[in-house]
Each structure stands twice: as C-alpha cells, then as structure tokens.
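Colleague: I would like to learn how to read a model like this one. Could you walk me through it?

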Amino acid sequence: MKDSDVEVPAIQLRGVRKTFRLSEDRNAKTVLALDGIDLTIRKGEFLTIIGPSGCGKTTLLRIMASLEQHDEGEVIVEGEPVSEPGIRRAMVFQTFGLFPWKTVIDNVTFPLTVRKFPADEARNTAMKHIRRVGLERFVDAYPHQLSGGMQQRVGLARALSTGADILLMDEPFGAIDAQTRELMQEELLRIWDEERKTVIFITHDLDEAVLLADRVLLMSRGPGRVRELIDVDLPHPRFEYDVRGHENFAKVRGHIWQQLRNDLVQQREEEAS
Ligand SMILES: Nc1ncnc2c1ncn2[C@@H]1O[C@H](COP(=O)(O)OP(=O)(O)OP(=O)(O)O)[C@@H](O)[C@H]1O
C-alpha cells in the first residue's frame with residue numbers, strides 16, 4: 001500500500017491541554033478545561049460529542065476551529081498543523097451567530113464577501129444554499145422576522161456556502177422547539193448524506209447524539225478527557241428509516257446513559273459532602 005492510499009484524517013488532536021485563567025492576574029485561579037485529548041476524526045465522519053455540563057465540549061470544538069488557543073499539544077487539520085481559523089472549517093452556533101442588521105442573503109454571503117468573492121458568485125452560491133434549506137422566500141428578511149428554526153437554517157446555509165468540508169456545530173438545535181428540531185435533524189442528515197462533509201456536533205440530547213452519529217465521543221467530567229468513543233451501528237439513510245426503534249439504538253443509548261448517570265451521581269455526592 002502506498003502512503004497516498006492512506007486517507008488523511010479530517011482532524012487530529014494530539015495531547016491537547018487547555019487551562020483557563022479566571023482573571024488577568026498572574027496569580028489568579030486556573031481551571032483545567034481539557035487534559036491530554038487524543039482524537040482522530042475521519043473524513044466524512046459524523047461525530048457527536050456528549051458529556052456532563054462544563055466538561056469542555058465547547059472548548060474542544062473552539063480549539064478545533066482555532067477560535068481558542070490550546071496550551072499544549074497539536075491540532076492537525078487535513079494533515080497540516082493549524083493555529084488560526086481557516087476556510088476548511090465552519091462553525092454553526094447555538095445562538096445562530098447572525099448579524100441582526102443584515103438580511104438573510106447578506107448574512108449568508110458575508111463570509112464570501114470577506115474573502116473577496118465577486119458579488120455575483122457570492123450571491124449565486126448563497127442562493128443555492130438558501131434554497132437548499134428552504135428559505136428562498138425569506139432572502140430579504142431580517143433575523144428577528146424569522147423563527148429560531150429558520151434562523152438556524154440561515155446559520156447552516158452560511159456554513160455550507162463557505163465550501164468548508166468540516167462543519168463544527170455547537171449545540172445547533174439546542175434553542176429550537178422539539179418538533180422543528182426533528183425536522184432540522186432530518187435536513188442535516190440529508191445534507192450530510194449528499195455531501196459527506198465531516199460534521200462534529202455537540203449535543204446535550206442523548207437521542208440526538210445517537211440518532212445522528214457514526215461515532216459518539218463521550219467526554220468525562222472536568223477536566224475534559226476522552227472517556228469513550230462509541231461506534232453507532234445503525235442503517236443509513238436514517239431520515240428515511242425510524243432508527244429509534246432499532247435494537248442498536250436502545251443498546252448504544254443505554255450504554256451512554258449509564259456512563260453519564262454515573263458521572264452525575266458522583267457529582268451530586270461530591271457536592272453534598
Ligand atoms: N473563557 C473562559 N474563561 C474561564 N473559564 C472558562 C472559559 N471558557 C470555559 N471555561 C471553563 O472551562 C470548563 C469547560 O467549559 P466548556 O464551556 O468548554 O464546557 P461545556 O462542556 O461546553 O459546558 P456546557 O455543557 O455547560 O455547555 C468549564 O469549567 C468552564 O467554566
């Protein structure tokens with residue numbers, strides 16, 4: 001086998017450690033948010049991240065996006081060590097991250113305009129993705145005129161428009177009502193099925209973590225570490241098939257819940273003592 005036959009992973013983390021200082025003061029208290037994270041994410045993989053509140057999920061994702069600097073270790077994107085945000089990675093935030101003073105089309109074209117795309121090309125690319133998420137009737141609307149689910153569709157269209165092949169999603173459906181959330185999950189799975197982008201997706205929702213993922217990264221209670229990587233053996237395309245009724249769904253869900261529950265019980269006991 002030649003070296004070129006070996007697929008380069010989308011993202012590799014080696015020994016990543018991150019400490020936060022709670023104020024500018026050199027003697028201020030510190031929080032160890034992540035410790036010794038080793039992780040390889042395959043190209044085209046859908047990885048969900050779940051773990052107790054405060055275990056470092058967002059910090060980990062922001063480090064993968066180079067929006068946060070790590071203290072130790074290496075972040076390698078498509079074979080290259082990185083320290084700054086780049087066009088191969090796009091973030092989608094829980095709070096949508098839209099400019100309230102810009103229309104839908106201007107929000108979606110924004111990252112392309114910043115990169116000096118010709119106006120026509122930026123608009124055509126943006127329109128293609130706005131159509132894809134079903135918002136063509138709302139191109140001239142402002143974010144406050146849209147529901148939460150629609151605003152998150154704009155966030156998704158913007159991330160897709162950048163052409164990034166790695167989507168870093170921080171609880172993107174966390175602020176959306178339960179039914180819209182199911183629709184958004186279907187839409188995301190459909191897009192993923194068509195384009196096979198690498199998706200790294202934080203969630204607090206156990207069902208969502210299992211439903212969407214090829215693999216679930218279960219993190220341990222702070223300082224954040226990789227507790228377990230769990231393969232999800234469920235058929236595709238999942239949006240056309242009710243995987244919630246599949247025996248593997250219950251098995252994987254039950255296993256993750258057991259681990260999370262242990263962490264929560266332990267935390268309660270420590271707080272009480
Ligand atoms: N800018 C910051 N300054 C100081 N401490 C921080 C900062 N950002 C995160 N932390 C701390 O780092 C730890 C990990 O935080 P992080 O937000 O990554 O966790 P999380 O798993 O995403 O949490 P949640 O599930 O509640 O969203 C927490 O103890 C948090 O208080």
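Colleague: In which sense do strand β9 and β10 pair?

Modeller: Please keep in mind that this is a predicted model. To read a pairing, look for bridges, since two strands count as paired if at least two bridges are found between them. Here β9, residues 215–219, pairs with β10 in the antiparallel sense, over five bridges. You can follow one of them by eye: Val216 has Ile230 in β10 as its bridge partner.

Colleague: Nice! In what order do the six strands of the open sheet come?

Modeller: Walk across the sheet and you meet β6-β7-β8-β3-β9-β10, with mixed pairing. At the edges are β6 (89–92) and β10 (226–231), each pairing on one side only. On average, neighbouring strands of this sheet are turned by 15 degrees against each other, ignoring direction.

Colleague: Which strands does helix α7 lie across?

Modeller: For a helix on a sheet, ask what lies under it and which way it runs. Helix α7, residues 247–272, lies across β3 (46–50), β9 and β10. Against β10 it runs at about 175 degrees.

Colleague: Now the ligand. Which residues come nearest to the ligand?

Modeller: The shell around the ligand has 13 residues, and Phe20, Ala33, Ser53, Thr58 and Thr59 come nearest.

Colleague: Which element gives the most to that shell?

Modeller: That is α1, with three residues. Both β2 (30–41) and α1 (57–64) supply at least two residues each.

Colleague: And how many nonpolar, polar and charged residues does the shell have?

Modeller: Sorted by class, there are five nonpolar, seven polar and one charged.

Note on methods: Residues are numbered from 1 along each chain as its sequence is written. This is a predicted model: local features need pLDDT of at least 70, side-chain atom pairs count only at pLDDT 80 or more; totals for chains, interfaces and linings use all residues. Helices (H or I, at least four residues) and strands (E, at least two) are DSSP runs, numbered from the N terminus. Axes are lines fitted to C-alpha atoms, for helices over the stretch in contact, and angles run from 0 to 180 degrees between N-to-C directions. Two residues are in contact if their C-beta atoms, placed from the backbone, lie within 7 Å. A residue is near a molecule or strand if its C-beta atom, placed from the backbone, lies within 6 Å of it. Ala, Val, Leu, Ile, Met, Phe, Trp, Tyr, Cys and Pro count as nonpolar, Asp, Glu, Lys and Arg as charged, and the others, Gly among them, as polar.
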